[in-house]
Amino acid sequence: PDETPLPNTFDAFTTQIAHSAFVLGFSFADAFLADLIREIYTSHPNMLPQNKKLSFKTIVDARDYDAVVLRMVDHEVHEVMHNGMADVARYFNDRFSISWPDSELDKIITASLVRNCIIHNNSIADHRLGASQGWNVGDHIVLPISDVHGFGISTRTLVRHIFNEAESRHL
């Protein structure tokens, strides 16, 4: 059978560890942003987009008003977080008046594209990542530990900024 072999070199093992740390760190950042949107909307349901609709079934199945609001919030979070990171950043700016610093925004957009290629494209750069600085379509992605560490620092800087802005405006 055509199976991918287990890593048989220390370099391959090191790459797998770096990629695992990168994907896990990105997942935590992504979850943080989703949780922050959820917290803002549960604290201020009047901020939810007014142009969305719920089915009668969703309303009838909810046990009370708070359950309806939670379903609305969950639907909105799900919809937002299934967009690209540039769209998520635009959402934070448009809905919450929280802009992301351009220097950090570029890094997290690239990190999102790298993460998607690692997970969904067998660590091969696709056309979206290929449009980013320093990547070509078809490149095999091998993240050194220093890049993973740098991403961690940039991400912590960005989410701290976003949280501070959200806390001062909405929480």
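Ser123 is found in the loop that runs between helix α5 and helix α6 (127-130). In this predicted model, Ser123 has a relative accessibility of 11% and therefore counts as buried, the limit for that class being under 20%. When residues up to four places away in sequence are set aside, Ser123 touches His19, Cys117, Ile118, Asp139, His140 and Ile141. The backbone of Ser123 has a phi near 60°, a positive value in a residue other than glycine. Asn122 is placed in the loop between α5 and α6 as well, and its phi, near 55°, is likewise positive in a residue other than glycine. In terms of accessibility, however, Asn122 is at 60% and so counts as exposed, whereas Ser123, at 11%, counts as buried.

The chain that holds this loop has seven helices and zero strands, and its pattern, read along the sequence, is α-α-α-α-α-α-α. Taken along the principal axes, the box filled by the C-alpha atoms of the chain is roughly 55 × 40 × 25 Å. Of the 171 residues in the chain, 35% are buried. Among the contacts in the chain with a separation of 6 or more, 63% are accounted for by residues 24 or more positions apart.

Aromatic side chains were examined next. A search of the whole structure finds eight aromatic pairs. In one of these, the ring centres of Phe22 and Phe151 are 4.9 Å apart and the ring planes lie at 55°, so the pair is classed as tilted. Because Phe22 lies in helix α1 (residues 10-43) and Phe151 in helix α7 (residues 145-169), this pair ties together parts that are 129 residues apart in sequence. Both Phe22 and Phe151 are buried. A further tilted pair is formed by Tyr41 and Phe96, with 5.3 Å from centre to centre and 55° between the planes. Here Tyr41 lies in helix α1 and Phe96 in helix α4 (residues 85-96), so that the parts tied together by the pair are 55 residues apart in sequence. Tyr41 and Phe96 are both buried, and these two residues belong, with Tyr91, Phe92 and Trp100, to one aromatic cluster.

Phe22 also appears among the neighbours of Val114, a residue placed in helix α5. Val114 has a relative accessibility of 3% and therefore counts as buried. Apart from residues up to four places away in sequence, Val114 touches Phe22, Leu129, Trp135, Ile141 and Leu143; Ile141 is also listed among the residues that Ser123 touches. Val114 and Gly152, which are 38 residues apart in sequence, are separated in space by 14 Å from C-alpha to C-alpha.

The packing of helices was considered for α4 and α5. Two packed helices are described by the angle between their axes together with the distance between the axes. The axes of α4 and helix α5 (residues 102-120) come within 9 Å and cross at roughly 140°, and α4 and α5 are therefore oblique to each other. On the α4 side the contact involves Met85, Ala86 and Ala89, which meet Leu105, Ile108, Ile109 and Ser112 in α5. Sorted by class, this contact of α4 with α5 has six nonpolar residues, one polar residue and no charged residues.

Helix α3 (residues 65-81) was compared with the span expected from its length. At 1.5 Å a residue, its 17 residues should span 24 Å, and the end C-alpha atoms are 24 Å apart, which agrees. The buried residues of α3 are Ala67, Val68, Val69, Val73, Glu76, Val77, Val80 and Met81, and what covers these buried residues includes α1, α2 (56-61) and α4.

Within helix α2 is found Lys57, which is exposed, its relative accessible area being 57%. Lys57 and Ile162 are 105 residues apart in sequence, and their C-alpha atoms lie 35 Å apart in space.

How values were computed. Residues numbered from 1 in each chain as written. Predicted model: local features only at pLDDT ≥ 70, side-chain atom pairs only at ≥ 80, totals over all residues. Heavy atoms only, no water. Phe/Tyr/Trp six-rings, centres within 6.5 Å; stacked < 30°, edge-to-face > 60°. Helix = DSSP H or I, 4+ residues; strand = E, 2+ residues; numbered from the N terminus. Buried < 20%, exposed > 50% of the residue type's maximum accessible area, 1.4 Å probe, protein only. Axes fitted to C-alpha atoms, helices over the stretch in contact; angles between N-to-C directions. Parallel < 35°, antiparallel > 145°, perpendicular 65-115°, else oblique. Contact = heavy atoms within 4.5 Å. Nonpolar A, V, L, I, M, F, W, Y, C, P; charged D, E, K, R; others polar. Expected span 1.5 Å × (residues − 1).
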